[in-house]
Each structure stands twice: as C-alpha cells, then as structure tokens.
Amino acid sequence: MRTSIRLLALSALILPAVLAGTPAQADTDTTPGTAAPASVASIERKAGSGSQAAAYWTAERMAAATPADEVEKTAGPVTQSPAPEQVRRFAESVAPKGGSGFGTQLNESITVGKIFYTSSTDGLGHYCSASVVNSPARNMVFTAAHCVHDGPGRNWHTANWMFVPSYRNGAQPYGTWDWSTLAVPSGWISTRERQYDVAVALVYGSRSIVDAVGANGLLTGGGRAYHYDIFGYPSNRDSGEIQWVCSGTSRDAGSNRIEMDCGFGGGSSGGPWYYSYDNTNRRGDVHGVMSYSSGTNTNGSPYFSAAVVGTLYNTYANDTW
C-alpha cells in the first residue's frame, strides 16, 4: 500500500498526515558488517577553479531540462540478496545554522532539491533529485550514481552540474551549489548494477550547504521491509517542478536492491528514501536513494550496505575544498 502526494507551498509548518506513519524501530547496533569494503571512484575539481553553472542554468534551460530516466532493474540476472546487515548509523541529522531554515514556509523537505547537469553522453540538459547528508565537512549531497556518471565505458557528468535545494517551479530559495568532488562506488563504473547506484557530491556555494538548509542522518543495514517516505521531483508529477512524496513499505527485489510501489517517473532519481522522517523539522535518516522505475508503479533503490554506502561516506566525510 502506498500513497503519493504533492508537497504544497502552505503557510503551515506541518506536512499532510500521510507522512505521519511510524516505521519499525531500527536496530542501532554499530557492529561492522562482514562484507569487504567496496572501492570508490571519484573526480575532483581543482581548488578555486571557477564554474559557470549558475549562469548557464537560466530559467528557460531549467524548464527545458529532461529527467534522467532509468528503467532497467539490473545489468545482469537478478540474484538472491545477501543476508541483512545490522543497522549502522554514519550521520545524525542537524538543523541549519542560525535558524530554523523555514523562511519560505514551504512544506517540502528543504534538504531535498534538484540537480541539473549537461550529460556527457548525449550533450543534453537533464535533472535528478538529491538530498543533503550531514558530515564533519558539512558539504555532502547524496544522489544516484547515474546522476553523476553514466557507467561502463562512459564518463562523468561534470558540465554545468549544479544542486538547487528546495527547488520549486524555478525558484531557488536557498541559492545554488556547485560540485568540488563527485564520487561513486567503483562497481557502478564497471557493472552499472543497481546495487551500486548511489553517489556522493561534495558541494560549495556562498556558505556551507549544511549551514544553509540543515542535513539528514545516514543509516545502512537493517532488513528490506521498512516504511519509507520517498521524496523527489518525478517528471510525471507536475512535470518535475514541485517536490512530491510517496509513503509505503519496501520489499526485497534481489541483487541487493529494494523496491516499493510509488509510480514515480524519471527525475525522481537520487531522491532520498527516508527512514523515520520528522514532519516538524523536515529531516530524517537517508536509508536509500531512488534508482529506477519498472513497469507502471515500481521504483527501486540500492540496499544501503556498510561496505558500499558506508565506505563511500567515510571516504569523503572529512574532505573540504
């Protein structure tokens, strides 16, 4: 059972009641998993180098950008998923610096926004979804790997890459952020398997992204059947111009993936799968990211393992520019 709703711009600071479901309690044991750490691939921009992304993305170009559609579940045969890991917490959520961050009174999660970029594969403008995750360096954004790299034999999407938190119908209430580092699991570049379809972007702007909008926590492990609130900008809902949410319960999908029936189209890729989302502060724990759509209703995420996601996070948690 799932429910999808548009997140409306209202003066109230309370999300609709569909988000208020209480998920099963997570086991917060921090015992490391037994899987070997995954390797990480990244590209870094030289410190101080300039970018034209903010100037490039005019209102007309943002409106014309198309979603980064992903419809394949896996690059190979679906295999049985490994046994679930114990839950590990890698980050705690945190409020914006110097205030609540609710200046625009939007009912979205202000840590969620849109990524715009020019594809290295087709040369066209595309968009994805993403969310801010807390880290010591206070500059980390989580999204899908295919929103930063196109997989085996292809390249990084570095041209005009830009993150806009709380984007709505062209509005940029908290400004824009450029990238300094883009990173994905090496398994994504070598196989394009959906279990590796997660990425980290380290971003910079006029100030720290965490200071500006706050940040979510990060969890790995646990079972594969949890209540999630999935946020993003699906192209089949308001043409991807407004943040939407889908709430429901996930299931195992094989090949270290989980799925849920949301019916979200392209553009929602990279949006957070929130475990224990807080309607009051509009933050939660990221426990998955939108990876693909399949059929008319099904959406999938990588299962967040410590070996893949934890390694990705730890590799860049302290990196600054």
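**Exercise 1. Which sense, parallel or antiparallel, does the pairing of β5 and β6 take, and over how many bridges?**

Solution. The model is predicted.
Step 1. Locate the strands: β5 covers residues 112-118, and β6 covers residues 125-133.
Step 2. Read the pairing. β5 and β6 are antiparallel, with seven bridges.
Step 3. Check one pair of residues. Thr118 has Gly125 in β6 as its bridge partner.
Step 4. Look at the link. Six residues lie between β5 and β6, which form a hairpin. In this turn, Gly123 has a positive phi of about 75 degrees.

**Exercise 2. Find the other strands that pair with β6, and give the sense of each pairing**.

Solution.
Step 1. Start with β3, residues 66-67. β3 pairs with β6 in the parallel sense, over two bridges. Pro67 has Tyr127 in β6 as its bridge partner.
Step 2. Go on to β7, residues 140-143. β7 and β6 run antiparallel and are joined by three bridges. Here Ser131 stands opposite Phe142 in β7.
Step 3. Inspect the turn. β6 and β7 also form a hairpin, again with six residues between them. Arg138 in that turn has a positive phi of about 60 degrees.
Background: strands of a sheet pair through backbone hydrogen bonds, either parallel or antiparallel.

**Exercise 3. Is β6 mostly covered or mostly exposed?**

Solution.
Step 1. Set the cut-off: a residue is buried under 20% relative accessible area.
Step 2. Apply it to residues 125-133. Eight of the nine residues in β6 are buried.
Step 3. Conclude: β6 is mostly covered.

**Exercise 4. Work out the strand order of the four-strand open sheet that contains β14, and name its edges**.

Solution.
Step 1. Write the order: β14-β15-β19-β18. The pairing is antiparallel.
Step 2. Find the strands that pair on one side only. These edge strands are β14 (251-252) and β18 (292-294).
Step 3. Examine the β14 edge. β14 pairs with β15 (residues 257-261) over two bridges, in the antiparallel sense. Arg251 stands opposite Glu259 in β15.

**Exercise 5. How many cavities of 30 Å³ or more does the whole structure hold, and what lines the largest cavity?**

Solution.
Step 1. Count: the search finds one.
Step 2. Give the volume of the largest cavity: about 30 Å³.
Step 3. List the lining. The residues are Ala68, Glu70, Gly265, Gly266, Ser268, Ser269, Met290, Tyr292 and Ser293.
Step 4. Sort them by class. Three are nonpolar, five polar and one charged.

Technical notes: Residues numbered from 1 in each chain as written. Predicted model: local features only at pLDDT ≥ 70, side-chain atom pairs only at ≥ 80, totals over all residues. Heavy atoms only, no water. Buried < 20%, exposed > 50% of the residue type's maximum accessible area, 1.4 Å probe, protein only. Pairing = 2+ DSSP bridges. 1 Å grid on protein atoms, 1.4 Å probe; cavity = no way out; pocket = protein on both sides within 12 Å on 5 of 7 lines; lining within 4 Å. Points joined across faces, edges and corners; volume = space filled by probe spheres on them. Nonpolar A, V, L, I, M, F, W, Y, C, P; charged D, E, K, R; others polar.
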